[in-house]
Amino acid sequence: MAKKPELLINAGNLDEVIRYIQAGANAVNVGEQRFGMRLPGDMDLTEINKAVAEAHKLKANIIVSVDNIMDNRILDALPGYLRALQEVNVDAIVFGDPAVWRAAKAHAPRLRLHWSAEMTSTNYATANFWAAKGVARAVLARELNMEQVLEFKRRANLEVQVQVHGMTNIYHSKRELITHFMRHAHKDTGAETYDKARGMYLVESERPNQTFPIFEDVNGTHIMSSDDICMIENLPELLDGGIDSIKIEALLKPADYNETVLRAYRQAIDAYVANPATYEFNEDWLKAIKRKQDPKRELSYGFFYKEQVY
């Protein structure tokens, strides 16, 4: 029997947490935008406490994002926030900034730590540096191909998490680029404000058929990929490689789409783990996803099968 990985997704509110666990997730990533980056919603400590209670009833874990780009203004708030997360028994926090690690070690030493440095989490040596400092998991950069991912897992001294579905971030600025654009574009007709629900996107003149979602939140402006990773057909490679956690990215997707994706991946994982020797991919799993997929967004393998990634 193959090792069964964690199936992880991010959620923006308590309702989504419960729905996603019932759809097959056994871990949900949540957070507060002041401390976390690119979250589907903004959950304060009271809501996180409720999420932990509900998730634990359902035998699932809550992981809190504390992976923002920290500046001096937020440092004083970190110790109290981390202590509070420890007190409500969250199962782990995700961080990228060493300032978070220092604060956690000093003020919330029982917190389980996952290291995620976005594009810089690309080699096992750096991951092992953090493992020696008590970190339990590395969240791999999305730019790694399959060979690099599997080598990372073989040589890392900690758990490895990989994104297998959904969009990825390709650009971030702390500036309010959309707000400034809207004000300039409508300066003669009145200042129109930015509304995230409008679903704005960018288009390059050379590639008019590809749309890049762009949104703005308290942490600035984010541009996302024009396609969605979909590795459901290729999960056996990751499972055979011992990957500990596979993540579904829920950002900018409706909850019913995310539930469909979770159910498909849950069925594929369970079927393979039950008997790898007789496993056969069921096309219905992928068809269910495609029925919900935005026709303007291609499903792709991301960087998993690209020779050159830089």
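Student: Let's start with strand E3 in this predicted model. How many of the residues of E3 are buried?

Tutor: Happy to begin there, keeping in mind that the model is predicted. E3 is largely enclosed by the rest of the structure, because most of its positions fall under the 20% relative accessible area that counts as buried. The count of buried residues in E3 is 5 of 6.

Student: Which residue in E3 is the bridge partner of Val28?

Tutor: Strand E2 (residues 27-31) pairs with E3 in the parallel sense. That pairing runs over 5 bridges. Within E3, the residue bridged to Val28 is Ile62.

Student: E3 also turns up around helix H4. Which elements cover the buried residues of H4?

Tutor: Helix H4 (residues 78-87) is mostly covered, with 7 of its 10 residues buried. Those buried residues are Leu78, Pro79, Tyr81, Leu82, Ala84, Leu85 and Gln86. The cover includes helix H2 (45-57), strand E3 (61-66), helix H3 (72-75), strand E4 (92-95) and helix H5 (98-107).

Student: And just after H4, which residue takes a positive phi?

Tutor: The helix itself covers residues 78-87. The backbone just after H4 has a phi of about 65°, and the residue that takes it is Asn89.

Student: Which residues does Ile93 contact, leaving aside its neighbours within four places in sequence?

Tutor: Ile93 is listed with Val64, Val66, Leu82, Leu85, Ile232 and Tyr265 as having the most contacts inside the largest nonpolar core. Leu82 and Leu85 are buried residues of H4. The contacts of Ile93 are Ile63, Val64, Val66, Leu82, Leu85, Val100, Leu111, Arg112, Leu113 and His114.

Student: How many residues does the largest nonpolar core have, and which helix gives the most to this core?

Tutor: The largest nonpolar core has 82 residues. With 10 residues in this core, the element that gives the most is H10.

Student: Why is H10 described as largely enclosed?

Tutor: Helix H10 (residues 255-274) reaches 28 Å from its first C-alpha to its last, close to the 28 Å expected at 1.5 Å a residue. It is described as largely enclosed by the rest of the structure because the number of its 20 residues that are buried is 14.

Student: Is Leu235 buried or exposed?

Tutor: Leu235 lies in helix H9 (residues 235-240). Beyond its neighbours within four places in sequence, Leu235 is in contact with Val164, Ile246, Tyr265, Ala268 and Ile269. Its relative accessibility is 1%, so Leu235 counts as buried.

Student: How far apart in space are Leu235 and Glu204?

Tutor: Glu204 has Arg207 in E10 as its bridge partner. Leu235 and Glu204 are 31 residues apart in sequence, and their C-alpha to C-alpha distance is 32 Å.

Student: What is the strand order of the open sheet of 4 strands?

Tutor: The pairing in this sheet is antiparallel. Its edge strands, each paired on one side only, are strand E8 (169-173) and strand E9 (201-204). E9 is joined to strand E10 (residues 207-217) by 4 bridges. The order is E8-E11-E10-E9.

Student: Now for E13. Which residue stands opposite Lys247?

Tutor: Lys247 lies in strand E13 (residues 245-248). Strand E1 (residues 6-10) pairs with E13 in the parallel sense over 4 bridges. Opposite Lys247 stands Leu8.

Student: What is the relative accessible area of Lys247?

Tutor: Lys247 points one way from E13 together with Ser245, while Ile246 and Ile248 point the other way, and all are buried. Among the residues that Lys247 touches are Asn10, Asn29, Arg142 and Gln163. Its relative accessible area is 8%.

Student: Which residue in E13 is the bridge partner of Gln161?

Tutor: Strand E7 (residues 159-166) and E13 pair in the parallel sense, over 4 bridges. For Gln161, the partner in E13 is Ser245.

Student: Last one: what is the angle between the planes of Phe95 and Trp130?

Tutor: Phe95 lies in strand E4 and Trp130 in helix H6 (residues 124-131), so the pair ties together parts that are 35 residues apart in sequence. Both residues are buried, and ring pairs link them with Trp101, Trp115 and Phe129 into a cluster. The pair is edge-to-face, with centres 5.3 Å apart and an angle between the planes of 80°.

Key:
Residues are numbered from 1 along each chain as its sequence is written. This is a predicted model: local features need pLDDT of at least 70, side-chain atom pairs count only at pLDDT 80 or more; totals for chains, interfaces and linings use all residues. Side-chain values use heavy atoms; hydrogens and water are left out. Helices (H or I, at least four residues) and strands (E, at least two) are DSSP runs, numbered from the N terminus. The expected span of a helix is 1.5 Å times one less than its number of residues. Buried means under 20% relative accessible area, exposed over 50%, partly exposed in between (1.4 Å probe, protein chains only). Contact means heavy atoms within 4.5 Å. A nonpolar core is a set of buried Ala, Val, Leu, Ile, Met, Phe, Trp, Tyr and Cys residues joined through side-chain atoms within 4.5 Å. Two strands pair if DSSP finds at least two bridges between them. Rings of Phe, Tyr and Trp (its six-membered ring) pair if their centres lie within 6.5 Å; planes under 30 degrees apart count as stacked, over 60 as edge-to-face and the rest as tilted.
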